[in-house]
Amino acid sequence: MKKLQITKKIVSSLAIALVLAVNPIVAHAEWKQDSTGWWYAEGDSWYKGWKQIGEKWYYFKDNGYMAHDCYIDNYSLNSKGYWDGALQSQDFSVNYPSSWIKAKGTSGMSIYLLGNEFTIESELTVNMQGKSRDEVIDKCIKAIKSRFGINQVNISQQMINGRTVDVFDYKYKLEHNERQVHTVNLYNNDKLYVFTIVGDNGISSANMDAFNNMLKTITF
């Protein structure tokens with residue numbers, strides 16, 4: 001159970017690193033409130049769009065006020081304003097193997113456990129907020145290097161169901177293990193879909209094949 005909890009935290013950390021690359025948070029911000037509602041500010045500026053604060057995700061409208069009791073981008077926001085883990089609908093479909101064990105990361109994102117190796121796969125949707133593909137790639141690389149203290153991230157491109165996807169491959173140290181990470185970025189209009197598979201001391205060929213076959217089932 002302890003290893004499973006550590007695994008969940010690592011996957012959530014990987015996913016958050018990519019979200020922050022597209023939608024970063026600046027330090028020294030604070031919550032503020034008036035008769036209209038809550039907002040999250042730094043000095044005279046306020047945040048807009050999706051933001052992770054602590055381990056929770058919030059959405060701030062164009063006027064800066066926190067959204068609540070509604071769906072934003074198909075994600076359900078509760079009365080306290082943070083995503084409660086529910087989805088209204090998905091604008092894509094994917095078929096996961098029945099042998100994959102579905103779980104939930106510490107930030108509420110879905111993960112899947114693949115066999116005894118604790119190789120895992122996570123799914124994440126990010127609004128690109130008008131950023132170009134090259135900008136997203138550059139920010140993802142910088143976020144990965146900064147978060148995991150590494151210098152080398154290998155970038156390549158593949159074709160999946162007629163779409164060009166960006167692939168990030170890298171390794172980093174964790175206690176006595178070396179984590180291998182393989183992340184695939186899929187794009188559809190202004191949405192970025194991130195799928196990641198991680199393995200202790202490498203990813204088995206069987207799990208990598210299963211991961212790639214899963215990606216082939218994605219339709220928009």
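## Close-up views of a predicted model

**Figure 1. The hairpin of strand 13 and strand 14.** Two residues lie between strand 13 and strand 14 in this hairpin, and Glu 175 has a positive phi near 55° there. As in every view below, the model shown is predicted. Strand 14 covers residues 177-188 and pairs with strand 13 in the antiparallel sense, over nine bridges. One residue to look for in strand 13 is Tyr 170, and the question is which residue in strand 14 is its bridge partner. The partner of Tyr 170 is Val 181. Strands of a sheet pair through backbone hydrogen bonds, either parallel or antiparallel.

**Figure 2. The hairpin of strand 12 and strand 13.** Strand 12 spans residues 154-160 and strand 13 spans residues 163-174; the two are antiparallel and share seven bridges. Asn 154 has Asp 169, in strand 13, as its bridge partner. This hairpin has two residues between its strands, and Asn 161 takes a positive phi near 50°.

**Figure 3. An open sheet of three strands.** The strand order is 1-2-3 and the pairing is antiparallel. Which strands are at the edges of this sheet? The edge strands are strand 1 (30-33) and strand 3 (45-46), and each of them pairs on one side only. Strand 2, residues 38-42, is joined to strand 1 by four bridges in the antiparallel sense. Gln 33 and Trp 38 are bridge partners, with Trp 38 in strand 2. Strand 1 and strand 2 make a hairpin that has four residues between them. On its other pairing, strand 2 runs antiparallel to strand 3, with two bridges joining them. Here the bridge partner of Ala 41 is Trp 46, in strand 3. The hairpin of strand 2 and strand 3 has two residues between the strands, and Gly 43 takes a positive phi near 65° in it. In a regular strand the side chains alternate between the two faces of the sheet.

**Figure 4. The largest nonpolar core.** This core is made up of 23 residues, and those with the most contacts inside it are Ile 144, Ile 150, Val 153, Phe 168, Tyr 170 and Leu 192. Two or more residues come from each of strand 10 (110-114), strand 11 (119-127), helix 2 (133-148), strand 13, strand 14 and strand 15. Which element gives the most to this core? Helix 2 does, with six residues. Leaving aside residues up to four places away in sequence, Val 153 touches Ile 141, Ile 144, Lys 145, Phe 168, Asp 169 and Tyr 170. A second core, separate from this one, has 19 residues, among them Val 94, Leu 186, Ile 203 and Leu 215. In soluble globular proteins, nonpolar side chains tend to be buried together.

**Figure 5. Met 128 and Asp 190.** Met 128 sits in the loop between strand 11 and helix 2. Is this residue, at 4% relative accessibility, buried or exposed? Met 128 counts as buried because 4% is under the 20% cut-off. Along the chain, Met 128 and Asp 190 are 62 residues apart, yet their C-alpha atoms are separated by 5.4 Å.

**Figure 6. Asp 200 and Arg 179.** Asp 200 belongs to strand 15, which covers residues 191-200. The relative accessible area of Asp 200 is 15%, so this residue is buried under the 20% cut-off. The side chains of Asp 200 and Arg 179 are joined by a polar contact of 2.8 Å.

**Figure 7. Two cysteines and the disulfide count.** How many disulfides does the structure hold? The count is zero. Cys 70 is partly exposed, with a relative accessible area of 26%. Cys 140 is buried, and its relative accessible area is 0%. A disulfide is a covalent bond between the sulfur atoms of two cysteines.

**Figure 8. Confidence along the chain.** The protein chain has a mean pLDDT of 80, and 77% of its residues reach 70 or more. Among its elements, strand 12 has the highest mean pLDDT (95), while helix 1 (residues 2-22) has the lowest (52). Over residues 1-6 the pLDDT is below 50, and this stretch has four contacts in the model beyond near neighbours in sequence. Where pLDDT is low, the predicted coordinates should not be read in detail.

Terms used
Residues are numbered from 1 along each chain as its sequence is written. Side-chain values use heavy atoms; hydrogens and water are left out. A disulfide is a pair of cysteine sulfur atoms within 2.5 Å. Buried means under 20% relative accessible area, exposed over 50%, partly exposed in between (1.4 Å probe, protein chains only). Two strands pair if DSSP finds at least two bridges between them. A polar contact is a pair of N or O atoms within 3.5 Å; within protein, one must be able to donate a hydrogen and the other to accept it, and residues adjacent in sequence count only if both atoms are side-chain atoms. pLDDT is the predictor's confidence in each residue, from 0 to 100. Contact means heavy atoms within 4.5 Å. A nonpolar core is a set of buried Ala, Val, Leu, Ile, Met, Phe, Trp, Tyr and Cys residues joined through side-chain atoms within 4.5 Å.
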